[in-house]
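Student: I am new to this structure and would like a close look at a single part of it. Please start there and then work outward to whatever is connected with it.

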Amino acid sequence: MINFHDFTRAPRQLREQEAEAVLRVLNSGDYVLGPEVARFENAWASYCGAVGCVGVGNGMDALEIGLRVLGIGAGQEVITTPMTAFATVLAILRAGAVPVLADIEADTAVLDLASVERCITPRTRALMLVHLYGQITDMGRWIAFCAEHELSLVEDAAQAHGAKWQGRAAGTFGSFAGYSFYPTKNLGALGDGGAIVSNDGGLLERARVFRNYGQAKRYEHPVAGMNSRLDELHAALLHTRLGWLDRFTEERRRVAAGYRELLRNPAVRLMAEPEAERHVYHLFVVTCDERDRLMRHLSDRGIMSLIHYPVPVHHQPPTAHLARDPQGLTAAESHARCCLSLPCHPFLSDDDVARVADAVNSFATSSVLT
Ligand SMILES: *Cc1c(COP(=O)(O)O)cnc(C)c1O
């Protein structure tokens, strides 16, 4: 069986370091907003090359809090993609703003600039760009576009830990980035966790206050914030795992390179291949017109695959009414019908990769059979 994730195959040395980190927190008697959170925040900001980082409860809260402290809310529109985790759009709604959906590019599944342009109205305040599957696309275009239209550039970097464009990571291009440390992300905790990363010191300070009931000093609440704190245990584990992130990213790139070399089934298409440093392969996605049959074919051969995402945001009941590109969301619709994520984690061996590729290559479309 080749699982989609397999945390049990993590190196023993990492396991020992994690156990040490857990014991350190347990014995410290400090469990919320203590030294481990401050240490991880500094380490993560420095890893991203950003001015600062604020640890929060999860990735969705990072996006919501970032938008709130940026002053984006009631009646203001934020353009984003329907091909994303539902949390992206839910964060915009929870901030009180109005999501507007633009279409994606077929070969990256990331937002399409021409479609985003068609979504602009006098109420548009921000663009929430999702670095989907772990790839950072040409940020120069987005920075210029947002400057031209006077929009705040906000990044959903929940899948893109360590991905870089021209040596810069998410959180350094626009107003802020939201990261998630959900267990399956490239840098994951043993539960929920998230962070806001930014070069804007004022925004970071407001986020720091907002995540803790809007408390500036003990018992002083200048704003009505939320309770969304990263805890010491997860911060300590994340700090330990951060020491391994680059190694694991290289392993993901090895798996992806293996697939690109070995997959040769004309019925199965690959996504665009950006320069190495721009993609951290949170997911390795292919497209196939008979996706559901391909998925069964793999599962019959002991290979687990998943779909990111089978139901785009505009087909979910709470968001079916959202405004969108007047020309429609056809690329997103078609991607949702055809996309399939192959196993892509750091602990897959080259043999595993070859087995998955063989299984994909042995898939015959029904048109060939009939
Ligand atoms: C995981 C994810 C989120 C939400 O993160 P949580 O920590 O689960 O709240 C948001 N956006 C994207 C693109 C994600 O993959």
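Tutor: What follows begins with strand β8 and moves outward from there.

This is a predicted model, in which local features need pLDDT of at least 70 and side-chain atom pairs count only at pLDDT 80 or more, while totals for chains, interfaces and linings use all residues. Residues are numbered from 1 along each chain as its sequence is written, and side-chain values use heavy atoms, with hydrogens and water left out.

Strand β8 covers residues 176-180. Helices and strands here are DSSP runs numbered from the N terminus (H or I, at least four residues, for a helix; E, at least two, for a strand). Five of the five residues of β8 are buried, so the rest of the structure largely encloses this strand. Buried means under 20% relative accessible area, exposed means over 50%, and partly exposed is in between, with a 1.4 Å probe and protein chains only. Phe176, Gly178 and Ser180 point one way from β8, Ala177 and Tyr179 point the other way, and all are buried.

Next come the partners of β8. Two strands count as paired if DSSP finds at least two bridges between them. On the parallel side, strand β5 (residues 152-156) joins β8 over three bridges, and Glu155 stands opposite Ala177. On the antiparallel side, β8 and strand β9 (residues 194-198) share four bridges, with Gly178 opposite Ile196. Strands of a sheet pair through backbone hydrogen bonds, either parallel or antiparallel.

Strand β5 repeats the picture of burial. Five of its five residues are buried, so β5 too is largely enclosed by the rest of the structure. Ser152, Val154 and Asp156 lie on one side and Leu153 and Glu155 on the other, and both faces of β5 are covered. Strand β4 (residues 124-130) pairs with β5 in the parallel sense over five bridges. In that pairing, Met128 of β4 stands opposite Val154.

Two of the residues named so far also belong to nonpolar cores. Such a core is a set of buried Ala, Val, Leu, Ile, Met, Phe, Trp, Tyr and Cys residues joined through side-chain atoms within 4.5 Å. The largest has 90 residues, and Tyr179, together with Trp44 and Leu342, has the most contacts inside it. Another core lies apart from it and has 24 residues, among them Met128, Val54, Ala91 and Leu204. In soluble globular proteins, nonpolar side chains tend to be buried together.

The end of β8 leads to open space. The largest pocket has a volume of about 220 Å³, and 20 residues line it. Ser180 is one of the residues nearest its centre, along with Met60, Ala87, Ala158 and Lys185. At least two lining residues each come from β8, α3 (59-69) and α4 (86-94). On a 1 Å grid over the protein atoms alone, a pocket is an open set of points with protein on both sides within 12 Å along at least five of seven lines, a cavity is a set where a 1.4 Å probe fits but cannot get out, and lining residues have an atom within 4 Å of a point. Grid points are joined across faces, edges and corners, and a volume is the space filled by probe spheres set on the points.

Lys185 leads on to the enclosed spaces. The structure holds two cavities of 30 Å³ or more, and about 300 Å³ of space lies in the largest. Of the 25 residues lining that largest cavity, Lys185, Phe7, Asn186, Arg252 and Phe347 are the closest to its centre. Helices α1 (12-28) and α8 (232-262) are the elements that give two or more residues to this lining, and α8 gives the most, with four.

Leu342 of the largest core leads to another sheet, since strand β12 spans 339-342. Three strands form this open, antiparallel sheet in the order β10-β11-β12. β10 (268-270) and β12 stand at its edges with a single partner strand each, so one side of each has no neighbour in the sheet. Strand β11 (residues 284-288) and β12 are joined by four bridges, and Thr287 has Cys339 of β12 as its bridge partner. Helix α10 (residues 330-338) has Ala331, Ala332, His335, Ala336 and Cys338 buried. These buried residues pack against β10, β11, α9 and β12, where contact means heavy atoms within 4.5 Å.
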